[in-house]
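Trainee: Could you take me slowly through one part of this model, the second largest pocket, and through the salt bridges around its lining?

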Amino acid sequence: MTRPDVTVLGAGIFGLSIAWCCVKKGASVQVIDPHGPGSGASGGVVGALAPHVPENWNEKKAFQFESLLMAERFWAEVAATSGISPGYARTGRLQPVPDERALELARAREETARELWQGRAVWEVIRPPEDSWAPATPSGYLIRDTLSARMHPRRACRSLAAALQARGVSLAMQGEPEGKVIHATGVAGLEELARETDQPVGSGVKGQGALLQFSAPHAPQLFADAIHIVPHEDGTTAIGSTTEREYDDPVATDARLDEVIERAMRAVPLLSGARVIERWSGLRPRTRSRAPMLGSHPLFEGQFIANGGFKIGFGMAPKVGQVMADLALDGQDVVPQVFRPEASL
Ligand SMILES: Cc1cc2nc3c(=O)[nH]c(=O)nc-3n(C[C@H](O)[C@H](O)[C@H](O)COP(=O)(O)OP(=O)(O)OC[C@H]3O[C@@H](n4cnc5c(N)ncnc54)[C@H](O)[C@@H]3O)c2cc1C
């Protein structure tokens with residue numbers, strides 16, 4: 001390969017998506033990751049692409065909304081190039097409504113969604129459909145939205161990596177950064193930033209999830225008792241996740257995951273008895289502002305950073321890829337103010 005236009009450090013969902021968007025703009029790209037694609041937080045199993053609630057609109061919600069709408073085309077192109085399915089489908093989501101107060105709120109959001117989601121997706125209060133696997137809902141109503149989608153994180157990384165290779169991108173475990181350099185190094189990148197600036201810029205928040213042998217590939221995902229229940233296209237169903245600021249072992253799974261699985265089975269009795277085929281744990285990169293960190297790298301002049309995907313990195317990835325490619329290749333800076341590194345420094 002001749003000298004690349006862009007080097008992306010980190011082959012998680014942020015780095016791979018940025019590399020993909022750079023390739024699509026005609027750039028030559030290399031990706032370097034000492035552990036290989038999808039070896040960090042992005043190598044998991046949950047894959048809920050779920051929107052923020054449609055109210056109190058802000059830059060972060062608008063960015064995520066656009067990204068969720070971009071996802072269908074983004075993943076279709078990746079799949080067509082790689083020949084590997086990322087397991088994407090906009091199958092929607094159902095959520096139980098626990099009480100009268102929540103019902104009132106859900107109905108108010110039905111109104112605000114009409115305006116904020118611009119008719120491109122629906123948020124509505126419904127009676128549980130006869131043939132659905134909806135969880136029990138004390139109020140007798142459910143929230144249904146048509147913006148939520150699902151995908152399989154680990155397969156999505158595999159699909160993106162293969163698509164990049166098909167387009168001539170080198171994915172290496174080591175190498176010399178050349179051209180425009182973009183750091184998408186997840187928790188390691190936040191820790192480096194925190195160390196070098198002596199500021200609590202961000203850190204890793206542990207999450208544990210599980211995969212069940214339960215097939216419902218066309219069913220909507222569920223969000224019940226604060227747990228994502230995500231049926232995948234391959235006949236498995238994911239359950240997640242714990243949120244742990246304190247942990248001893250970032251990759252161990254334990255009784256906290258057992259509790260999440262039990263709660264999911266209680267909420268959706270159909271899942272009871274399903275075999276647990278995988279238990280998985282990873283560290284989500286969380287910035288101090290809880291928002292993604294996109295822009296000029298605070299430590300390395302002329303270089304860039306894309307980090308802080310936290311709990312919604314997969315949902316944000318298509319738009320993160322686009323804005324970072326525009327910034328690095330064209331100098332076109334459309335990064336929302338709240339995502340700039342200064343917000344966490
Ligand atoms: C249990 C769990 C469930 C989740 N569920 C969802 C969900 O349902 N929906 C959703 O949208 N998000 C979800 N997330 C969050 C999502 O996984 C993260 O936001 C996302 O993976 C972050 O991607 P990343 O590319 O920034 O980081 P990572 O995937 O961690 O990638 C960073 C990469 O950088 C590499 N690296 C480190 N140092 C260097 C270096 N010096 N040079 C080069 N490379 C380096 C690492 O090896 C790693 O591969 C979940 C996370 C967890 C843990």
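Mentor: What follows is a close look at that pocket, its lining and the charged pairs that belong to the picture.

This is a predicted model, in which local features need pLDDT of at least 70 and side-chain atom pairs count only at pLDDT 80 or more, while totals for chains, interfaces and linings use all residues. Residues are numbered from 1 along each chain as its sequence is written, and side-chain values use heavy atoms, with hydrogens and water left out.

The second largest pocket has a volume of about 270 Å³. A pocket here is an open set of points on a 1 Å grid over the protein atoms alone, where a 1.4 Å probe fits and protein lies on both sides within 12 Å along at least five of seven lines; its volume is the space filled by probe spheres set on the points, which are joined across faces, edges and corners. Lining residues, meaning those with an atom within 4 Å of a point, are Trp20, Cys21, Lys24, Lys25, Met70, Arg73, Phe74, Glu77, Pro318, Gln322 and Asp326.

By residue class, the lining divides into five nonpolar, one polar and five charged residues, where Ala, Val, Leu, Ile, Met, Phe, Trp, Tyr, Cys and Pro count as nonpolar, Asp, Glu, Lys and Arg as charged, and the others, Gly among them, as polar. Helix 1 (13-24), helix 2 (59-82) and helix 7 (313-330) each supply at least two residues of this lining, and helix 2 gives the most, with four residues. Helices are DSSP runs of H or I with at least four residues, strands are runs of E with at least two, and both are numbered from the N terminus.

Among the lining residues, Glu77 and Lys24 meet through their side chains in a salt bridge at 2.2 Å, N to O, a salt bridge being a side-chain nitrogen of Lys or Arg within 4 Å of a carboxyl oxygen of Asp or Glu. Because Glu77 lies in helix 2 and Lys24 in helix 1, this pair ties together parts that are 53 residues apart in sequence. Glu77 counts as partly exposed at 24% relative accessibility, and Lys24 is likewise partly exposed, with a relative accessible area of 41%; buried would mean under 20% relative accessible area and exposed over 50%, with partly exposed in between (1.4 Å probe, protein chains only).

Lys25, another residue of the lining, forms a salt bridge with Asp330, the closest N and O atoms being 2.8 Å apart. Asp330 lies in helix 7 and Lys25 in the loop between helix 1 and strand 2 (29-32), so this pair ties together parts that are 305 residues apart in sequence. Asp330 is partly exposed, with a relative accessible area of 47%, and Lys25 counts as partly exposed at 39%.

For a contrast in setting, consider Arg263 and Glu259, which form a salt bridge with their closest N and O atoms 3.4 Å apart. Both residues lie in helix 6 (residues 255-267), four residues apart, about one turn of the helix, and Glu259 counts as partly exposed at 39% relative accessibility. Returning to the pocket, salt bridges that share partners join Lys24, Arg73 and Glu77 into one network, and those three residues are among the lining. The structure as a whole holds 17 salt bridges.
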